[in-house]
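Visitor: I have a structure on my screen and would like to talk through a few of its details. Could you walk me through them?

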Amino acid sequence: MIELTSDPGWELLEEHPLETEFDIVKARQSVRQFAKDAGMGIVDQTRITTAVSELLRNMYMYAGGGIIRIQKGLFDHHQSLIITCLDEGPGIDNVELAMQDGYTSGQGMGYGLPGAKRLVDDFELQSQPGKGTTVRVVKWK
Amino acid sequence: MNETNITNAKQRIEHIEDILSSVAAGDLDLRIESEYEDDLTGIEEAINLLIDDLTHELKKSLKLKAEMEEKLLKIQEQQKTILQQQEDLMELSSPVSKVWENILILPVIGTLDSQRTQVMMENLLQKIVATGCTTAILDITGVPTVDTQVANHLLKTVTAARLLGAECIVSGISPAIAQTIVHLGINLSNILTKATLQDAMIYALRKNEQLINGKVVLNQAINEETI
Ligand SMILES: Nc1ncnc2c1ncn2[C@@H]1O[C@H](COP(=O)(O)OP(=O)(O)O)[C@@H](O)[C@H]1O
Ligand SMILES: [Mg+2]
């Protein structure tokens with residue numbers, strides 16, 4: 001798993017393996033609840049939940065599953081919800097291409113990654129062919 | 001102890017051994033029988049009591065086992081029913097109904113995973129063919145998250161319906177979901193959308209009226225309504 005640099009001060013809220021489509025549903029519900037608990041409004045709740053949904057679907061579809069980690073803490077001086085998706089799938093050969101609107105290697109619409117990036121306050125993706133992919137999205141109030 | 005006594009005792013001990021080995025082999029109906037009253041009698045009676053207890057315990061555990069098996073069977077049956085219900089629910093959660101002359105409504109509730117979307121789409125297309133309706137309303141008020149996969153499914157459903165001669169109206173997109181769709185970058189402008197199911201119904205009814213009266217060219221009406 002590729003681990004991104006993180007702040008030891010962040011509080012871990014939840015961490016689960018993601019194996020089935022049902023896990024996606026459950027994880028999405030958790031994210032929405034944590035966003036609500038963090039005092040986010042319905043628009044921000046919907047944004048972060050949808051962004052995470054994109055990452056989870058990708059992880060399920062292209063990497064056959066992975067891990068979702070939900071944390072909260074200070075990010076860039078903002079009290080934030082931090083969600084990291086880690087997988088040990090094939091990785092992404094050309095990240096720049098994958099981040100382009102409309103690019104898909106499969107049957108998708110190709111808006112998942114760039115769309116997720118537009119929906120959140122911070123987006124970080126690291127991928128290494130053969131090792132896996134880790135994507136972290138951050139949303140603050 | 002004299003010779004006869006010893007022979008007698010030997011025989012009785014052999015009898016005890018026989019009974020014990022029969023018990024060990026599972027025959028619990030046998031008991032030690034003796035015509036004598038002496039020191040051995042106590043042991044013989046104790047063994048008989050032991051066999052009684054054993055029989056009792058064994059019967060109890062057999063009964064328990066039967067009960068457990070029965071319970072297990074019940075649980076397995078319940079599990080089957082639950083699975084069946086889940087399948088039924090999947091069908092139920094995409095119930096297509098003809099609410100008005102020429103108008104179908106499909107309320108979509110819950111999470112649209114690939115399997116459910118497939119069922120939903122097939123149901124709708126079948127119903128369009130079966131009824132000949134030319135307007136179908138897909139109400140997604142009950143869908144909590146519209147991501148690119150859900151949007152893609154919606155687009156495909158609308159396109160397939162169009163190929164069958166039916167126009168779809170997607171209703172129930174909340175303001176938060178509308179904003180999110182815009183940020184995702186998905187273009188839904190080819191789909192006719194209405195804020196609420198009621199708006200969609202009014203639109204569909206008006207379209208019906210126009211069809212019947214033949215007043216307005218349909219395409220023109222649609223263009224006016226599309227935002
Ligand atoms: N976790 C991942 N592992 C491997 N490849 C991925 C992963 N996530 C995304 N990709 C690649 O990036 C492409 C773009 O992803 P995305 O923007 O979500 O569009 P889509 O899923 O519609 O194809 C995918 O087609 C896939 O090739
Ligand atoms: Mg995707």
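Visitor: Is Phe75(A) buried or exposed?
Guide: Keep in mind that this is a predicted model. Residues under 20% relative accessible area count as buried. Phe75(A) has a relative accessible area of 13%, so this residue is buried.

Visitor: How are the rings of Trp10(A) and Phe75(A) arranged?
Guide: Happy to look at that one! Two aromatic pairs are counted over all chains. For Trp10(A) and Phe75(A), the ring centres are 6.0 Å apart and the planes meet at 25 degrees. Planes under 30 degrees apart count as stacked, so the pair is stacked.

Visitor: How many residues apart in sequence are the parts that this pair ties together?
Guide: Trp10(A) lies in the segment before β1 of chain A, while Phe75(A) belongs to strand β2 (residues 66-75). The pair therefore links parts whose separation in sequence is 65 residues.

Visitor: Which residues form one aromatic cluster with Trp10(A)?
Guide: Trp10(A) itself counts as buried, at 10% relative accessibility. Its partners in the cluster are Phe75(A) and Trp140(A).

Visitor: Over in chain B, how many of the 16 residues of α4(B) are buried?
Guide: Thr157(B), found in this helix, is one of the buried residues, with a relative accessible area of 0%. Beyond its neighbours within four places in sequence, Thr157(B) is in contact with Met120(B), Met121(B), Leu124(B) and Leu138(B). The helix is largely enclosed by the rest of the structure, because the number of buried residues is 12 of the 16.

Notes. Residues are numbered from 1 along each chain as its sequence is written. Chains are lettered from A and ligands numbered from 1 in the order in which they are written. This is a predicted model: local features need pLDDT of at least 70, side-chain atom pairs count only at pLDDT 80 or more; totals for chains, interfaces and linings use all residues. Side-chain values use heavy atoms; hydrogens and water are left out. Helices (H or I, at least four residues) and strands (E, at least two) are DSSP runs, numbered from the N terminus. Buried means under 20% relative accessible area, exposed over 50%, partly exposed in between (1.4 Å probe, protein chains only). Contact means heavy atoms within 4.5 Å. Rings of Phe, Tyr and Trp (its six-membered ring) pair if their centres lie within 6.5 Å; planes under 30 degrees apart count as stacked, over 60 as edge-to-face and the rest as tilted.
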